[in-house]
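These are my notebook entries on one protein model, written down in the order in which I looked things up.

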Amino acid sequence: MSQQGTASFDPDLPPATVDDPLSGHPVFVRWSRASQRVRQADRDHPWVLDTVVVALVLLVFCVPDLVHDDDGLREHRIAFTRLPLPATLLLQAGLVLPLLWRRRRPATAFAVVMTVFVLQWALGAALRADVALLVALYSLALHGRLRQLAWACAAMAAALALVAVRLSAAVSVWDSSFFLFSAATAAVAVGIAVRIRRAQLAGLRERAARLEIERDQRSRLAAATERTRVAREMHDIVGHNLSVIVTLADGGAYAVGASPERGREALVLIGDTGRQALGELRRMLGVLRDRTTEEGPELNPQPGVADIDGLCARIRAAGPHVVYTAGGELEDLDRGVQLMAYRIVQEALTNALKHAGPHTRAHVKVTADATRLRVRVDDSGPPGGAGHSPPGEPGHGLAGMKERAALYGGTVTAGPRPGGGWTVTADLELAPDQLDAAGGVA
């Protein structure tokens with residue numbers, strides 16, 4: 001997911017900061033990667049880690065209890081009950097074996113360990129395996145519900161108070177309570193700290209996944225928008241020029257027999273129109289190829305309001321009588337706004353030529369004032385005053401005009417006009433930056 005100007009993110013590694021040189025140390029990185037592999041192995045085989053924990057507790061804390069040290073007991077002024085070996089093994093199993101489900105059922109594991117712990121001290125026995133109670137409390141703080149943790153802490157406090165009283169013959173109640181409660185507090189604090197850390201990492205993973213999804217969605221939307229824009233431009237360029245070429249070819253074919261000179265003139269106009277279409281296609285494709293460069297759009301500008309006059313001249317060459325009037329500071333408009341106005345006029349005249357024929361009359365009017373740009377194209381329809389309408393299935397033409405106007409907060413309406421013909425109007429509200437983008441009036 002790395003791109004220029006961005007860094008790849010591994011949510012399983014601790015976040016590095018500029019002020020923390022330890023996070024970038026090779027030893028710290030190797031340790032982080034090793035812990036990542038351990039977590040992955042634990043996710044694949046969760047029982048392995050639980051079994052290892054139980055085995056370590058058995059080896060370190062249970063085996064020494066099976067070796068009786070009479071000299072060590074005489075040093076204490078506390079008379080602990082010496083249990084038979086089967087009873088000792090049973091109590092050790094009750095303390096340690098519930099740790100096997102300490103992550104899946106932390107509250108149940110803690111309850112079982114606490115019950116065995118209370119029973120053991122009620123019998124007056126002391127076992128090193130009591131450390132399992134701290135492990136169970138840590139697991140409950142890490143994996144259990146907070147409400148369960150509150151009840152567990154209350155039960156833990158009561159049990160430790162009884163132990164402190166039982167040890168009062170050798171150690172003061174306050175000293176023993178301090179040690180016991182400090183150990184329990186440390187187990188809870190470590191469990192909560194690890195839980196918070198894991199929650200933060202989970203949040204970072206979720207955020208990274210969401211950002212990646214959003215990035216992919218933006219890429220797909222940008223690709224769809226680009227395809228729509230290219231299709232619209234191709235429709236405007238190819239559709240308009242082909243309509244003019246077809247009309248000129250038909251007129252030239254009719255004029256060959258009666259007036260060869262008019263046929264030759266039609267062929268010349270067809271060549272000029274085709275060359276202009278190729279030029280516009282090259283210009284558009286060049287802009288798409290050289291988008292990252294700043295020189296491409298300037299060396300190959302898109303058509304603007306100044307090119308509408310030439311557009312009307314090409315339509316006149318195909319037969320229709322076109323009158324073009326302009327008003328306002330059109331040259332000072334933003335280049336995008338000018339392209340929008342040009343394409344709307346181009347599409348409207350192309351539709352008029354296509355549906356009304358070469359003998360229609362069209363009037364194009366483009367005006368701009370301090371706040372609005374208005375484009376209006378009227379045609380008289382085919383000879384005889386009969387109205388014309390575009391095809392029943394809407395294509396790129398009218399939809400493209402509406403999309404262009406919508407990009408600048410404008411609207412486009414099209415419909416039949418009284419007495420025959422068709423009218424296309426576009427009304428756009430100009431923003432201040434669109435007026436002064438080219439040095440116009442703010």
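Entry 1, salt bridges. I count a salt bridge where a side-chain nitrogen of Lys or Arg comes within 4 Å of a carboxyl oxygen of Asp or Glu. I keep in mind throughout that this is a predicted model. With that cut-off, I looked at arginine 374 and aspartate 369, whose side chains meet in a salt bridge with an N to O distance of 3.2 Å. I then looked up how open the two partners are: arginine 374 is partly exposed, at a relative accessible area of 36%, and aspartate 369 is likewise partly exposed, at 37%.

My search of the whole structure gave four salt bridges, and I followed up further ones among them. Aspartate 427 and arginine 372 are joined through their side chains in a salt bridge, at 3.0 Å from N to O. Because aspartate 427 lies in strand β5 (residues 422–429) and arginine 372 in strand β3 (residues 372–379), this pair ties together parts that are 55 residues apart in sequence. Aspartate 427 counts as partly exposed at 27% relative accessibility, and arginine 372 is partly exposed as well, with a relative accessible area of 25%.

I also noted the salt bridge between aspartate 216 and arginine 215, in which the closest N and O atoms are 3.1 Å apart. Here aspartate 216 is partly exposed, with a relative accessible area of 28%, and arginine 215 is partly exposed, with 21%.

Entry 2, the chain as a whole. I asked how many helices and strands the protein chain has. It has 14 helices and five strands. Of its 442 residues, 34% count as buried, and the chain exposes about 25,500 Å², of which carbon and sulfur atoms supply 62%. When I took the contacts between residues at least 6 apart in sequence, I found that 71% of them join residues at least 24 apart.

Entry 3, strand β2 and its partners. Which residues of strand β2 (residues 361–368) make up its covered face, and which its uncovered one? The covered face holds Ala362, Val364, Val366 and Ala368, whereas the uncovered face holds Arg361, His363, Lys365 and Thr367. I read this pattern against the general rule that side chains in a regular strand alternate between the two faces of the sheet.

On one pairing, seven bridges join strand β1 (residues 321–327) to β2, and the two strands run parallel. I looked up individual positions in this pairing and found that tyrosine 324 has valine 364 of β2 as its bridge partner, while histidine 321 stands opposite arginine 361 in β2. The connection is also recorded in my notes: β1, helix α12 (residues 335–356) and β2 make a left-handed β-α-β unit.

On another pairing, β2 and β3 run antiparallel and are joined by seven bridges. Histidine 363 stands opposite aspartate 378 in β3, and a hairpin takes the chain from β2 to β3 through three residues.

Entry 4, arginine 343. I wanted to know whether arginine 343 is buried or exposed. This residue sits in helix α12, and it counts as buried, at 1% relative accessibility. I then checked its side chain, which makes a polar contact with the side chain of glutamine 346 at 3.0 Å.

Entry 5, two residues in other helices. Serine 177 has its place in helix α8 (residues 173–258), and it is buried, with a relative accessible area of 14%. Setting aside the neighbours within four places in sequence, I found serine 177 in contact with Ala164 and Ser182.

Alanine 152 lies in helix α7 (residues 146–166) and counts as buried at 4% relative accessibility. Which residues is alanine 152 in contact with, once its neighbours within four places in sequence are left aside? I found Phe110, Leu137 and Leu140. I also looked up the separation between alanine 152 and alanine 141, which are eleven residues apart along the chain, and their C-alpha atoms are separated by 9.3 Å.

Key:
Residues numbered from 1 in each chain as written. Predicted model: local features only at pLDDT ≥ 70, side-chain atom pairs only at ≥ 80, totals over all residues. Heavy atoms only, no water. Buried < 20%, exposed > 50% of the residue type's maximum accessible area, 1.4 Å probe, protein only. Helix = DSSP H or I, 4+ residues; strand = E, 2+ residues; numbered from the N terminus. Contact = heavy atoms within 4.5 Å. Areas by Shrake-Rupley, 256 points an atom, 1.4 Å probe, with all protein chains shown as cover. Pairing = 2+ DSSP bridges. Right-handed = clockwise from strand over helix to strand, strands pointing away. Polar contact = N/O pair within 3.5 Å; in protein donor to acceptor, adjacent residues only side chain to side chain.
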